[in-house]
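Colleague: I have not seen this structure before. Could we go through it step by step?

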Amino acid sequence: MRWSKTLIPTLKEDPADAEVVSHKLLVRAGFIRQISRGIYDYFPLALKVIRKIESIVREEMDRAGAQELLLPIASPAELWQESGRWEVYGKELVRFKDRHARDFCLGPTHEEIVTDLVRSAVRSYRELPFNLYQIQTKFRDEVRPRFGLMRGREFIMKDAYSFHTDMQDCRREYDNMFETYKRIFTRYGLQYRPVEADTGAIGGSLSHEFQVLAESGEDAIVSCNLCDYAANVEKAEAKGSRPAARDLTEESPQLVKVSTPGKRSVAEVAEYLKLPPEKFVKTLVYRIDNNDFVAALVRGDHEINEVKLQTALGCREVALADEAAVAAMAGVTPGYLGPIGLSLRTIADFSVQSMRGAVTGANEANAHYTEVDQERDFTPSAFADLRMAAAGDHCPRCDHGLLEAHRGIEVGQVFYLGKKYSEALGATYLDAEGRERPMEMGCYGIGISRLVAAAVEQNHDANGIIWPLSIAPFQVLLLPINYNDKATREAADRLYDELRRRGVEVLFDDRDERPGVKFKDGDLIGIPLRITVGAKGLAKGCLELRWRRDGKTVEIALAGAAQTIHGHLAQA
């Protein structure tokens with residue numbers, strides 16, 4: 001394709017509203033344009049990248065035995081009401097009425113629609129199992145769309161759903177999709193990690209996320225330095241935080257109330273009392289379902305993991321109570337709150353269990369207790385793993401390794417759903433004995449448009465994007481320094497035609513621009529291999545070949561250049 005005939009509106013300056021590298025570079029390089037918050041136009045270069053990403057998905061999903069279909073973006077409210085998600089999903093679900101005043105929504109995900117399709121089409125166990133997938137536009141009305149394509153409201157997604165007669169076969173397909181995803185992300189040429197994850201609003205009991213590693217990633221993940229264990233911190237098990245075994249012959253000192261004027265945070269009180277944060281117990285009050293409240297306890301040097309707290313409590317949502325609500329219940333503001341004598345249901349992290357010589361709030365302004373003994377002074381209703389795992393923790397799998405922290409961008413997720421949707425929507429089959437049974441289901445998603453941003457976050461430098469070869473909009477940038485020069489033009493035109501005949505994807509910069517402009521634009525858009533045609537090289541019978549990633553430049557002979565370039569690409 002000739003640059004002069006292609007819409008590539010490059011910019012010299014970063015867009016004012018861009019916060020992350022991928023947003024800045026994709027706009028500057030002429031790939032995307034925001035039309036409304038979280039909604040983007042895709043220019044031709046971006047669409048080429050998307051089509052490459054989709055092509056790899058289709059090849060690997062088809063190889064894995066899945067079947068492609070296409071489901072509507074709009075779905076009737078009745079399906080979401082059947083599944084119980086019409087109200088639960090929240091404001092992210094865009095609801096609207098048609099001209100007949102019937103309720104519909106724009107699909108942020110398609111569990112309801114595909115389950116309805118299958119329940120109407122499948123009768124017998126002989127028709128199972130199968131896996132259906134689509135590549136479709138979704139809409140999720142994010143409260144804070146940000147970071148360009150990383151968190152948009154409208155986005156492109158591959159979602160797949162499998163249906164089975166039993167749990168064992170569903171787990172087989174889960175493992176099949178897990179391996180398929182590993183092949184997909186490996187082919188993209190990205191550094192990634194599959195990590196254990198929370199199932200979130202989709203539901204189910206087992207899930208793995210596929211995280212592209214990048215410092216700008218929204219997700220915090222941890223992985224073992226010795227084994228394959230990796231998990232999103234929302235899911236990661238915290239180990240090694242329980243205190244040493246108690247000496248039963250040793251009696252704890254008496255509880256002491258101390259004055260801590262104006263000192264509320266753990267850091268402030270720790271400095272004031274000259275004690276380390278790990279000696280403290282933090283007491284946090286959360287509002288849960290039905291406007292009930294619960295106190296959660298965690299050691300002073302740890303942070304509460306709200307996903308774990310929600311799971312431990314078996315509730316649908318948790319939210320930190322505001323200062324006024326805490327004061328109304330306990331008669332004291334947060335910071336001075338403690339578990340001793342607190343008339344509130346209390347759950348504690350394992351690290352709090354059996355603590356001695358601890359410090360807690362005294363439920364009195366400007367006061368704390370010291371020499372707190374958990375077993376003597378307060379008894380939570382339950383202990384659970386409530387804290388956020390962190391770098392340096394012992395691995396919960398191999399017992400020998402330590403956890404390392406990373407930032408990641410979630411680009412894919414696989415779920416074992418079980419019967420969550422089949423039971424709710426009545427997706428059943430008749431078994432060999434003629435008994436009606438609910439189907440087992442799995443769900444498998446990949447964020448197609450988010451992958452565009454994730455690839456840029458991981459692959460860029462000060463000059464622009466560096467596309468992995470497998471998903472680059474073009475493989476080669478053919479750049480004649482002076483296209484108006486007859487000898488240069490003829491050599492470039494001839495090479496362009498020869499490369500295309502060999503199936504090489506070429507962007508031909510035939511613009512009448514200064515060489516510096518061409519080089520800057522070329523680096524900005526990030527085509528993996530640049531071939532420069534100039535008068536000096538032609539005088540020697542040579543062309544310049546330069547890889548965008550490492551900047552290595554070599555001269556190749558003009559004679560047979562198309563074959564040489566094709567060979568370099570084949571070996572890359």
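Colleague: Which domains does the domain assignment of the protein chain give?

Modeller: This is a predicted model, in which local features need pLDDT of at least 70 and side-chain atom pairs count only at pLDDT 80 or more, while totals for chains, interfaces and linings use all residues. Residues are numbered from 1 along each chain as its sequence is written, and side-chain values use heavy atoms, with hydrogens and water left out. Domain bounds come from an automatic or database domain assignment. The assignment gives domain 1 (24–209 + 414–456), domain 2 (245–384) and domain 3 (474–571).

Colleague: What separation is there between the centres of domain 2 and domain 3?

Modeller: The centres are taken over C-alpha atoms. For domain 2 and domain 3 the value is 66 Å.

Colleague: Between which domains does the largest nonpolar core lie?

Modeller: A nonpolar core is a set of buried Ala, Val, Leu, Ile, Met, Phe, Trp, Tyr and Cys residues joined through side-chain atoms within 4.5 Å; buried means under 20% relative accessible area, exposed over 50%, partly exposed in between (1.4 Å probe, protein chains only). The largest such core has 64 residues, and Phe-31, Tyr-188 and Trp-467 are among those with the most contacts inside it. Its largest share, eight residues, comes from helix 2 (residues 44–63), where helices (H or I, at least four residues) and strands (E, at least two) are DSSP runs, numbered from the N terminus. Residues of this core come from both of two domains, so the core lies between domain 1 (24–209 + 414–456) and domain 3 (474–571).

Colleague: Is Thr-6 buried or exposed?

Modeller: Thr-6 lies in the segment before helix 1 (21–28). Its side chain reaches the backbone oxygen of Arg-2 at 2.8 Å. With a relative accessibility of 12%, Thr-6 counts as buried.

Colleague: How many residues of strand 29 are buried?

Modeller: In a regular strand the side chains alternate between the two faces of the sheet. In strand 29, Leu-529, Ile-531 and Val-533 are buried on one side, and Arg-530 and Thr-532 are buried on the other. The strand (residues 529–533) is therefore largely enclosed by the rest of the structure, with the buried count being five of the five.

Colleague: Which residue of strand 30 is the bridge partner of Leu-529?

Modeller: Two strands pair if DSSP finds at least two bridges between them. Strand 29 runs parallel to strand 27 (residues 476–480), with five bridges, and antiparallel to strand 30 (residues 542–547), with four bridges. In strand 30, Leu-529 has as its bridge partner Trp-547.

Technical notes: A polar contact is a pair of N or O atoms within 3.5 Å; within protein, one must be able to donate a hydrogen and the other to accept it, and residues adjacent in sequence count only if both atoms are side-chain atoms.
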